[in-house]
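The exercises below ask the reader to work through one structure, and each task is followed by a solution in steps.

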Amino acid sequence: IKDIIGAGLGKTSCDVKIKNVQLVNVFSGEIYPTNIYIKGKRIVSIDPDADLETKETIDCKNMYAVPGFIDTHMHFETTMLSPEALADVVVPKGTTTLCADLMEIANVAGEAGLREMLKSIKKLPYQMLIEVSSRVPTAPGLETAGAVLGIQEVEKILDWEASISLGELDPSKILGEKDEYLHKVAEALKKRKIVNGHAIGRLGQELNIYASAGISDDHECVSTNEMIARLRVGMKVLVREGST
């Protein structure tokens, strides 16, 4: 912290100055010209009038500077790409964090598969956070994919540093009062983790019950009315664009 303050006061040198940028300030909702000074992993200044010493200067020639984008819900396996190949696609577009429900890998390889996935991520130029799959197997009794993530397994994985939430849980598990899934929700809430939703078409009292059970968001809206209904009960709406 002292290094950051010292650089900001001009007592020591910043590491990098990114000059001539149009800063997209997501806090104030403004776009304005400025320079960005960096020390270590922290931004020291975005003040247009700051004139600090720096070791390296990068001229961005009036390009836009934005925070790294966060993909708030994705299934890594569905991209059909290796972690390295996916980096080539998303990082140049500004995405630096992926929140991934690795349900396909989990259904086949369980906890061991998730651990291997995290190993491969460590050397890549983006961060992966795990939405711990809540439905492994997805359709109990109807598939032989190879793995099970029960209450104890989910409880354990939710404690991993990379785990941000309990992965998408469809309304049938809540409205049907299925104990296994309600235990998983309770465990996630106890650990102060998010519980992701997946509730296409649900409205009225069914949606109210779903939200009251602790579901935080939904990425399945297909109409404006569905979106507004979710906002009214305090759920976050993840807006997505896709071929369907």
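**Exercise 1.** Place Glu-168 in the fold, and decide whether Glu-168 is buried or exposed.

*Solution.* Begin with the element: Glu-168 sits in strand β8, where helices (H or I, at least four residues) and strands (E, at least two) are DSSP runs, numbered from the N terminus. The model is a predicted one, in which local features need pLDDT of at least 70 and side-chain atom pairs count only at pLDDT 80 or more, while totals for chains, interfaces and linings use all residues. Residues are numbered from 1 along each chain as its sequence is written, and side-chain values use heavy atoms, with hydrogens and water left out.

Next take the accessibility: Glu-168 has a relative accessible area of 3%, so it is buried (buried means under 20% relative accessible area, exposed over 50%, partly exposed in between, with a 1.4 Å probe and protein chains only).

Then list the surroundings, for which a contact means heavy atoms within 4.5 Å. With neighbours within four places in sequence left aside, the contacts of Glu-168 include His-73, Asp-101, Asn-196 and His-219. His-198 is also in contact with Glu-168, and the two residues, 30 apart in sequence, lie 5.5 Å apart from C-alpha to C-alpha.

Finally, look at the side chain of Glu-168, which makes a polar contact with the side chain of His-75 at 3.0 Å and another with the side chain of Arg-135 at 3.3 Å. A polar contact is a pair of N or O atoms within 3.5 Å; within protein, one must be able to donate a hydrogen and the other to accept it, and residues adjacent in sequence count only if both atoms are side-chain atoms.

**Exercise 2.** Compare the span of helix α3 with that of a straight helix, and find where the kink in α3 is centred.

*Solution.* A straight helix of 19 residues would span 27 Å at 1.5 Å a residue, the expected span being 1.5 Å times one less than the number of residues. Helix α3, residues 103–121, spans only 17 Å between its end C-alpha atoms.

Turning to the bend, one finds in α3 a kink of about 130°, centred on Ala-109; the bend at a residue is the angle between axes fitted to the seven residues ending there and the seven starting there.

As for packing, the buried residues of α3 include Met-103, Ile-105, Leu-114 and Ile-121, and among the elements that cover the buried residues of α3 are α2, β7 and α4.

**Exercise 3.** Identify the buried residues of helix α7, and explain why they are on the same side of α7.

*Solution.* In α7, which runs over residues 204–212, the buried residues are Leu-207, Tyr-210 and Ala-211. Because they cover an arc of only 95° around the axis, they lie on the same side of α7 (the arc is that of the directions from the helix axis to the C-beta atoms).

On the other side of α7, Gln-205 and Ser-212 are exposed. The cover over the buried residues of α7 includes β8, α5, β9 and α8, and after α7 comes Gly-214, with a positive phi near 110°.

**Exercise 4.** Describe the largest nonpolar core, and state which element gives the most to it.

*Solution.* A nonpolar core is a set of buried Ala, Val, Leu, Ile, Met, Phe, Trp, Tyr and Cys residues joined through side-chain atoms within 4.5 Å. The largest has 40 residues, and those with the most contacts inside it are Phe-76, Leu-102, Leu-114 and Tyr-126. Elements that give two or more residues to this core include α2, β6, α6 and α7, and α3 gives the most, with six residues.

Apart from this core lies another, of eight residues, including Val-16, Ile-18, Tyr-32 and Ala-65.

**Exercise 5.** Examine the backbone at Pro-137, Lys-61 and Met-80.

*Solution.* Start with the peptide bond from Val-136 to Pro-137, which is cis, with omega near 5°; Pro-137 lies in the loop between β7 and α4.

Lys-61, in strand β4, has a positive phi near 50° although it is a residue other than glycine, and at 68% relative accessibility Lys-61 counts as exposed. Met-80, in the loop between β5 and α2, likewise is not a glycine and has a positive phi of about 60°; at 74% relative accessibility, Met-80 counts as exposed.
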